[in-house]
Amino acid sequence: MLNDVMIAPSILSADIANLAKDLEAIATADYVHVDVMDGHFVPNLTFGTNVVKAVKASTDVPADVHLMISNPDEMAVEYAKAGADLVSFHVEAATHAHRIVSASHDAGAKAGMVINPATPVSSLEAIIEDLDLVLVMSVNPGFGGQKFIPGSLRKVAQVAALAAERGVNPIIEVDGGCSAANAADLIAAGATMLVAGSAVYGKEDRAAAIAEIRAAGREGLTKRA
Ligand code: DX5
Ligand code: ZN
């Protein structure tokens, strides 16, 4: 699976009043990306564990839960227990990152760590072997529809190099401003999963949008160093 291009549409850009319908529309996706915001770590407020439970009850697509919250030490495990298949937390907010990873694993979820645009890849050095996923933010978190920060490409390549050096193979996810326009470059740099909010839900035909981003990303597989 890691040799293909995984796409995770973000329901931040979905029609929440018609969430079941908008989940059905992305049945061909690899994960559904659930953006959890607490109005504190980021200036926006979104989904509680009840929404993760509702997502799990209405789709077979695995849930990729991105916690943009100030207290992942307390809450990550609650999202894992609610059914998150993958739970990822920000290194900028975590006090005991290793403990969050272990607790998420014990609750049956895969665990990922997220780095903001201004957070260096070196912050992953002491923990990458324990992670199932590394998420590189390519916008400042909080809102959908922002412009991709070009320097993120270099960070993706640095994460891929660090993982290779350590002999591990985490999912390398990129979040923010991803689309068919930059998918090839991101995959070529070493990304394996692309989040797409507006690039999927902003389109009439969501399945076609997913297929288009995936096809563009596959072009990048042939250009990997
Ligand atoms: C931003 C969120 C993203 C967002 C991406 O804080 O973490 O997941 O939904 O939206 P697009 O793809 O529109 O940039
Ligand atoms: Zn996200």
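Start by selecting strand S2: this strand gives the shell around ligand 1 its largest share, three residues. Strands here are DSSP runs of E with at least two residues, helices are runs of H or I with at least four, and both are numbered from the N terminus. You are looking at a predicted model, where local features need pLDDT of at least 70, side-chain atom pairs count only at pLDDT 80 or more, and totals for chains, interfaces and linings use all residues. Residues are numbered from 1 along each chain as its sequence is written, chains are lettered from A and ligands numbered from 1 in the order in which they are written, and side-chain values use heavy atoms, without hydrogens and water.

Next, colour S2 (32–37), S3 (63–68) and S8 (193–196): each supplies at least two residues of that shell.

Now show the 20 residues around ligand 1 (a heavy atom within 4 Å). Asp35, Gly142, Asp175, Gly197 and Ser198 come nearest.

Which side chains should you zoom in on for polar contacts (N or O pairs within 3.5 Å)? Pick His33, with a polar side-chain atom 3.3 Å from an oxygen atom of ligand 1. Then click Asp35, where a side-chain N or O atom is 2.8 Å from a ligand 1 oxygen. At Ser198, the corresponding distance to an oxygen atom of ligand 1 is 2.6 Å. Switch on the surface here: the protein buries 99% of the 380 Å² that ligand 1 exposes when taken alone (Shrake-Rupley areas, 1.4 Å probe).

Finally, zoom out to the whole protein, with its eight helices and eight strands. Its C-alpha atoms fill a box of roughly 40 × 40 × 30 Å along the principal axes.

Note on methods:
Polar contact = N/O pair within 3.5 Å; in protein donor to acceptor, adjacent residues only side chain to side chain.
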